[in-house]
Amino acid sequence: MAFLRTVSRCNSLVPRKVSSPSSTGTNGCLSHSRSEQFLRQYGIHAASNHRGQLSSALLAALNHRLTLEGHPSLDGTRRWRSTTVAAPSPVSTGARQRQQQDNNPSTPQRDPLDVSFNDPHAAFKSKTTFELIRAYFVLVLMFGDSHEVCGLTFFLNLPQVHYTFVKEYPPAVYFWHTVGVFPMPVTMGPTKHEKQGTRTEQALLRSFGVKPILDYSVEEDLSQEEAEKREVEASVSSAGTNLSEDSADSLPQYSVDKTFADRRYKVQSARTYFYLNEATCERNMETFLECLDAVKGATFGTGITAIKLTALGRPQLLLQVSEVIMQARRYMMDLAGSTGNILTHHKTIQDLERYLGNVSDKAEVKQFLEKVTSDKDGILHLFPWTGIINEDCQLSETFRVPDPVTGQMRRLISKIPPKEEEMFRNMIRRLNTIVKTAQDLDVRIMIDAEQTYFQPAISRITLEMMRKYNTEKAIVFNTYQCYLKDTYKEVCTDLEQAKRQNFYFGAKLVRGAYIEQERARAAALGYEDPTNPSFEATTEMYHKTLTECLRRIRILKDANIDPKKIAIMVASHNEDTVRFAIEKMQEIGIHPEDKVICFGQLLGMCDYITFPLGQAGYSAYKYIPYGPVNEVLPYLSRRAQENKGVLQKIKKEKRLLLSEITKRLAKGQLFYKPKGKYVPI
């Protein structure tokens, strides 16, 4: 806290000159009439002498703080570039290359990558010095070691305080570096000023090699009681509470339980939509369409929008479709004679006829067998799953199978009333509209993962959207949560289907957002815990799944098939996972220029990973939360609480911020202006 105590004691700001601690004692001159007002706005005061020079006390405090943070103290002859993992000599060469590029305005910049992610200049060259100072102070105030800041930490976490602070600034300011703990959303309002601010900030990211993913993060600030009431009402069919026609065969995982009806329970890192009515879903669709337009205007075919399917329809319908999918899998497992993946067993229609035995001659069974579909390899698909996104298809009439003992046809889903069938078709229509617009605008769509009781339906619908729209490139991406035990198997299954049905496969790999809720729900409702037992097991699942995707991409390259048939986003804030991905790419022979692997982190979190990746020529993205400020704050406030658990990342971020701030002050760069010439890959 030496740095904080020093600056808080001072009464004046350096408006003109900043001394540079070089061996010659030369002072660098800086003049700016608004500097004092700007820093005082955030309660930051720096000591200066009567001539306006930066006080030696402040520089001593900076040195002291650097020492406490484990970084070398300031030295007039010290180079302020971080070292790479391999050896120091290539980094010196890289620094010279960067300086040469900076001096040549016609050369697109490309920097060597420090895979230890310890380079403060690479991390923060896109930020002004004032942004860095503010970011550092926010981190100290909210994550300081001293009990002195606890009251202020609580104060800053109050939603109304967030709103009061944020609402004073124009939309462009909402993109300030947010360090993940004090997030500033970007508004997507109807005014020309707001839309232009959005495009301007996306262009700023691009100039430093980073592309945007706009993430509509609006949540209603509902009480627990109101959230539970809405969810229960929206999750039960008017035809009855049982989702399966035969209650003995129902799966408890897909039942409604009031204890877990508030889907925010034990969840911080995912926004939550609670169904109100169809009109709300229509408004959400219109907002997503506006977002696509904003992304198109600044990203030149590389932009991405993230959406949640629960924003577009009634959750009960996703529950019902999820259960019918799992019931169908159970039926196919009985046919396969084991619990393995049906694609692994390569079952054919003839196998199904043998399974049904003597009942296969019955009229209804014959009609069922005539509708069973198979792919080009003769592997059967129990249902024509494309019917899920067919607006003329009736769900309750589609998912019927013959009993192998009686020969009677039974539904895997309860009879759905016409009004609810219409609601499901409305959900699919909205999603079709969004994806078709994305295809027309050359913007990609990432459909987020949600709770496991929704996920089978979300994944199946997403896969069908891939089949329909991913015919020339990956427009639609599915999300796979690696804390789940079945993730590797699910990804392999979907990769195999993409191969056999000849569509482009897009996947975002994440660790996942719902693990604590999933564990608690499984224990309470008495079904098998779907999650991995430890963080290490989740990491192993992530790396195993990613390796399989990279292996298949390599096979495509070797066969002279477009490697972009598989596109993967490594969405992780874990340094080891990002390093693992880079090393595996090099080992397997996949290059950034292949444009098949990209990396993504949240705006304001792990800038020291994202920006060096983008500036080194890797495909790097920032998730940008957007929406009206007061409607985004409930989600952002929960993110702030969640981020208190990532102290190691915060400690590193603070150290790198302080290093870069000190270097700039020493060089007289108080009014440093970011200028990037990077071209995102």
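This text walks through the predicted model, from its confidence to its barrel, its helices and its cysteines.

Start with confidence. The model is predicted, and the pLDDT of the protein averages 74. A score of at least 70 is reached by 66% of the residues. Two stretches fall below 50. One covers residues 72-94, which still has 42 contacts in the model beyond near neighbours in sequence. The other covers residues 241-248, where pLDDT stays under 50 and the model has 15 contacts beyond four places in sequence. Where pLDDT is low, the predicted coordinates should not be read in detail.

Now the overall make-up. The protein has 681 residues, and 61% of them are buried. Its secondary structure comprises 25 helices and 14 strands. Take the contacts with a separation of 6 or more: 76% of them join residues 24 or more positions apart.

Turn next to the barrel. It is closed by 8 strands with parallel pairing. Follow them round in the order E3-E4-E9-E10-E11-E12-E13-E14. From one strand to the next, the twist averages 30°. Strand E3 spans residues 210-216, and strand E4 spans residues 304-307. They pair in the parallel sense over 3 bridges. At one point of contact between the strands, Leu214 has Thr305 in E4 as its bridge partner.

Helices pack on this sheet. Helix H18, residues 455-469, touches strand E9 (444-447), strand E10 (476-481) and strand E11 (505-510). The direction of H18 makes about 150° with that of E10. Helix H23, residues 607-615, packs on the sheet as well. H23 touches E3, strand E13 (597-602) and strand E14 (619-626). Its direction makes about 135° with that of E14.

Look at H18 on its own. It has 15 residues, and 13 of them are buried, leaving the helix mostly covered. From first C-alpha to last, H18 reaches 20 Å, close to the 21 Å expected at 1.5 Å a residue.

Strand E13 deserves a closer view. How many of its 6 residues are buried? The count is 6 of 6. Both faces are covered. Ile597, Phe599 and Gln601 lie on one side, Cys598, Gly600 and Leu602 on the other, and all are buried. E13 also pairs with strand E12, residues 566-571. The two run parallel and are joined by 4 bridges. Across this pairing, Ala571 stands opposite Gly600 in E13.

Helix H21 covers residues 535-558. It has 24 residues and reaches 35 Å from its first C-alpha to its last. That is close to the 34 Å expected at 1.5 Å a residue. After H21 comes Asn560, with a positive phi near 60°.

The cysteines come last. A search of the whole structure finds 0 disulfides. Why is Cys482 not bonded to Cys549, the cysteine with the closest sulfur? The two sulfurs are 9.0 Å apart, so they are too far for a bond. Cys549 is in no disulfide either. For Cys549, the nearest cysteine sulfur is that of Cys492, 7.6 Å away. What is the relative accessible area of Cys482? It is 0%, so Cys482 counts as buried. Cys549 is buried too, with a relative accessible area of 0%.

Definitions and conventions
Residues are numbered from 1 along each chain as its sequence is written. This is a predicted model: local features need pLDDT of at least 70, side-chain atom pairs count only at pLDDT 80 or more; totals for chains, interfaces and linings use all residues. Side-chain values use heavy atoms; hydrogens and water are left out. pLDDT is the predictor's confidence in each residue, from 0 to 100. Contact means heavy atoms within 4.5 Å. The expected span of a helix is 1.5 Å times one less than its number of residues. Two strands pair if DSSP finds at least two bridges between them. Axes are lines fitted to C-alpha atoms, for helices over the stretch in contact, and angles run from 0 to 180 degrees between N-to-C directions. A disulfide is a pair of cysteine sulfur atoms within 2.5 Å. Buried means under 20% relative accessible area, exposed over 50%, partly exposed in between (1.4 Å probe, protein chains only).
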